[in-house]
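Here is a short tour of one protein model. Keep the structure in view while reading.

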Amino acid sequence: MTSEASFEILESLQADIAELIDRLPTLKHRQFIQQALATVVRLADSEVERLDWKILSAALADMERGFQLFYGYRHIRKVTIFGSARLASETPEYEMAVQFARAVCQLGFMVITGGGGGIMHAGQEGAGRDNSFGLNIQLPFEQEANPIIDGDPKLIHFKYFFTRKLFLLKESDAVALFPGGFGTQDEAFECMTLSQTGKFGPVPLVLIDSPGGDYWHSWSQYIDQQLVTRGLVSPEDPNLYTVTDNLEVACNTITNFYQGYHSSRYVGDQLVIRLKQELSDAEVELLNVNFSDILIKGRIEKSQVLPQEGQDETSALPRLLLYFNQRDLGRLYHMIAVINQLVIPSPEETAHPERK
């Protein structure tokens with residue numbers, strides 16, 4: 001790059017930054033923009049390597065593409081599908097993935113995959129191009145996108161695995177795992193770890209075998225025999241996931257999860273659970289009787305939108321407030337299942353489980 005071109009870029013950047021600083025007091029998310037800018041400024045005055053700046057720059061570019069792509073689809077629930085890239089189209093696991101993706105898209109959901117072959121291809125074959133997102137990865141030997149998503153604007157090529165995985169989980173409202181190798185096992189255990197620690201979800205996790213298959217059934221036995229029995233995980237942690245070889249069960253696990261439960265977030269020390277319908281006082285009392293063990297203090301109480309939630313898009317939804325201990329996530333998933341059993345969805349909600 002010539003010095004003249006470099007000067008022009010710097011001059012343009014100075015103008016853009018000056019304009020951003022002028023507009024900052026009026027921007028909706030000014031607090032976080034200011035924090036991000038302050039972080040970059042501090043780093044600029046720190047002793048960090050050239051490689052560190054390359055990682056930061058490329059990771060931000062990855063995230064920019066992801067944020068911009070998914071913003072327009074933020075009100076549609078999506079299912080991320082993981083599984084082996086090596087399974088051929090004639091295998092029963094591939095066919096099950098096709099059928100599953102087709103079924104959830106018929107329910108209104110969209111599908112996210114890694115954009116490659118095998119189960120990823122199957123997921124997008126079932127979903128179709130219009131209902132698919134492909135989050136591919138740039139590799140020296142170039143993992144090519146499958147022909148269904150190749151060339152689609154909903155296909156992104158990430159530089160880093162960690163930014164790619166961020167979006168595979170961040171944008172998903174359910175995760176479906178099909179049989180696979182080390183990569184699939186890594187994704188399965190990361191989903192469990194993040195769910196168990198409250199860093200992801202709550203969302204339904206469905207481990208799907210082909211009819212009569214035992215890949216995930218054997219995996220679940222290992223969890224029970226080697227982790228639960230030894231006290232290495234909580235006896236309630238298997239509530240985080242569902243193992244099935246039945247297509248209807250897999251789909252129902254996802255739609256039922258959002259029958260009464262909508263979403264959740266923390267406001268200060270309180271967990272706010274947003275509901276599609278308000279529970280009765282008797283139903284809330286039932287939750288207090290059965291789930292007081294997951295509270296660090298107080299009771300589960302009904303609430304409307306809190307002042308701290310600002311211009312939240314879910315402001316019209318009723319809420320439950322609780323001081324959750326942030327440890328017993330398996331029990332929290334159990335409570336969500338009970339809430340979903342208490343709620344009778346409206347015909348509109350039944351027809352559109354994908355709407356956020």
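This is a predicted model. Start at the second largest pocket. Its lining counts 23 residues, and G83, A85, G183, T184 and E187 lie nearest its centre. The volume of this pocket is about 550 Å³. Three elements each give two or more residues to the lining: β1 (78-82), α6 (161-170) and α7 (182-196). The largest share, five residues, comes from α7. By class, the lining has 10 nonpolar, eight polar and five charged residues.

**The two sheets**

β1 also belongs to an open sheet of seven strands, in the order β4-β3-β2-β1-β5-β6-β7. The pairing in this sheet is parallel. Its edge strands, β4 and β7, each pair on one side only. Another open sheet has four strands, in the order β8-β9-β11-β10, and its pairing is antiparallel. Here the edge strands are β8 and β10, each paired on one side only.

| Sheet order | Pairing | Edge strands (residues) | Average turn between neighbouring strands, direction ignored |
|---|---|---|---|
| β4-β3-β2-β1-β5-β6-β7 | parallel | β4 (155-158), β7 (241-244) | 20° |
| β8-β9-β11-β10 | antiparallel | β8 (261-267), β10 (295-303) | 20° |

Now look at single strand pairs. In the seven-strand sheet, β2 (residues 110-113) and β3 (residues 132-137) run parallel and are joined by three bridges. T113 has G134 in β3 as its bridge partner. In the four-strand sheet, six bridges pair β8 with β9 (residues 270-275) in the antiparallel sense. There, S264 stands opposite I273 in β9.

**Helices on the sheet**

Which strands does α5 lie across? They are β1, β2 and β3, and α5 runs at about 160° to β2. Helix α9 (residues 247-257) packs on the sheet too, touching β1, β5 (174-177), β6 (205-208) and β7. The direction of α9 makes about 175° with that of β6.

**Helix against helix**

Two packed helices are described by the angle between their axes and the distance between the axes. For α4 (residues 92-106) and α5 (residues 119-127), the axes come within 7 Å and cross at roughly 35°. Is this crossing left-handed or right-handed? The crossing of α4 and α5 is right-handed. On the α4 side, the contact is made by E93, Y94, A97, V98, A101, R102 and C105. On the α5 side, I119, H121, A122, G123, E125, G126 and A127 take part. By class, the contact of α4 with α5 has eight nonpolar, three polar and three charged residues.

Terms used
Residues are numbered from 1 along each chain as its sequence is written. This is a predicted model: local features need pLDDT of at least 70, side-chain atom pairs count only at pLDDT 80 or more; totals for chains, interfaces and linings use all residues. Side-chain values use heavy atoms; hydrogens and water are left out. Two strands pair if DSSP finds at least two bridges between them. Axes are lines fitted to C-alpha atoms, for helices over the stretch in contact, and angles run from 0 to 180 degrees between N-to-C directions. On a 1 Å grid over the protein atoms alone, a cavity is a set of points where a 1.4 Å probe fits but cannot get out, and a pocket is an open set with protein on both sides within 12 Å along at least five of seven lines; lining residues have an atom within 4 Å of a point. Grid points are joined across faces, edges and corners, and a volume is the space filled by probe spheres set on the points. Ala, Val, Leu, Ile, Met, Phe, Trp, Tyr, Cys and Pro count as nonpolar, Asp, Glu, Lys and Arg as charged, and the others, Gly among them, as polar. A crossing is left-handed if the near helix is turned anticlockwise from the far one by less than a right angle, and right-handed if clockwise. Contact means heavy atoms within 4.5 Å.
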